[in-house]
Amino acid sequence: MTSLSPQDQIQEQIEHHEAEHPDHRMFGLATFLVADAMTFAGFFAAYLTFKAVNPLMPGAIYELELPLPTLNTILLLVSSATFHRAGVNLRKGCNERCRAWLLGTAVLGLAFLVSQMVEYFTLPFGLADNLYASTFYALTGFHGLHVTLGALMILIVWWQCRTPSGRVSASNHFPLEAAELYWHFVDGIWVILFVILYLI
């Protein structure tokens, strides 16, 4: 019987441990995102309710401009594609290409936040004008917080995959997959938000 080297013994123990204990981390993340989606659903319901029943002063109907929100939608949709490319390259072991795509994704996310701040400064209503306005800011601000956290996650993954043997690699790509699922969730929420806030 051939004896195993210490490294092979460790690998065998890891495989045995994984066989006994399936990895449920992605399921846990998906469960968290479902709960998070419920929070957004509450915001959406509140916004639509206040918009329908909150009395406005004559001439105070708020028309939201479309150019900046449309730009933001394009930025986030493109960022989902760049994030996907990062994952494809990481699984191939092309860490440098992965890092380039991740950096591009983070830049797109930050550009979204800058564009959103520009919109805030040009809106014809303020945070405390009425319930409708307050809910608008709360909803878009809550989503902006998610984009900020997502951009930070992307930059952390970008840093951790700087070498093929780094913490995030072709053999351990869960951190990137988790961040990617979160980012796609944030992008999907924005599409719904865009339709409800700007098109309805």
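How many disulfides does the count come to? In this predicted model, the count comes to 0 disulfides. The cysteines themselves show how this arises. The sulfur of Cys 94 has its closest cysteine sulfur in Cys 98, at 9.2 Å, which is too far for a bond. Cys 98, in turn, has its closest cysteine sulfur in Cys 161, and here the separation is 4.1 Å. Because a disulfide requires sulfur atoms within 2.5 Å, the 4.1 Å between the sulfurs of Cys 98 and Cys 161 is also too far for a bond. The surroundings of Cys 94 and Cys 98 can be described as well: Cys 94 is partly exposed, with a relative accessible area of 25%, whereas Cys 98 counts as buried, at 0% relative accessibility.

Attention now turns to helix H2, which covers residues 25-53. Its 29 residues reach 43 Å from the first C-alpha to the last, close to the 42 Å expected at 1.5 Å a residue. The buried residues in H2 are Leu 29, Leu 33, Asp 36, Phe 40, Phe 44 and Tyr 47. An α-helix has 3.6 residues a turn, so residues three or four places apart point the same way. As for partners, the buried residues of H2 pack against two helices, H5 (131-160) and H6 (174-199).

Helix H5 also appears at the surface, in a nonpolar patch of about 550 Å². The residues that make this patch are Leu 103, Val 107, Leu 145, Leu 149, Leu 152, Met 153 and Leu 155. At least two of the patch residues come from helix H4 (95-122), and at least two from H5. Which helix gives the most to the nonpolar patch? That helix is H5, with 5 residues. One of the patch residues, Leu 145, is found in helix H5 and has a relative accessible area of 43%, which makes Leu 145 partly exposed. Helix H5 therefore takes part in two settings, since the buried residues of H2 pack against H5 and Leu 145, a residue of H5, is partly exposed.

Beyond H5, the chain continues into the loop between H5 and H6, where Asn 172 lies. Asn 172 counts as partly exposed, at 30% relative accessibility. How far is the C-alpha atom of Asn 172 from that of Leu 90? The two C-alpha atoms are separated by 9.6 Å, although Asn 172 and Leu 90 are 82 residues apart along the chain.

Methods
Residues numbered from 1 in each chain as written. Predicted model: local features only at pLDDT ≥ 70, side-chain atom pairs only at ≥ 80, totals over all residues. Heavy atoms only, no water. Helix = DSSP H or I, 4+ residues; strand = E, 2+ residues; numbered from the N terminus. Expected span 1.5 Å × (residues − 1). Buried < 20%, exposed > 50% of the residue type's maximum accessible area, 1.4 Å probe, protein only. Contact = heavy atoms within 4.5 Å. Patch = residues over 30% accessible without salt bridge, like charges linked within 9 Å, V, L, I, M, F, W, Y side chains within 5 Å. Areas by Shrake-Rupley, 256 points an atom, 1.4 Å probe, with all protein chains shown as cover. Salt bridge = Lys/Arg side-chain N within 4 Å of Asp/Glu carboxyl O.
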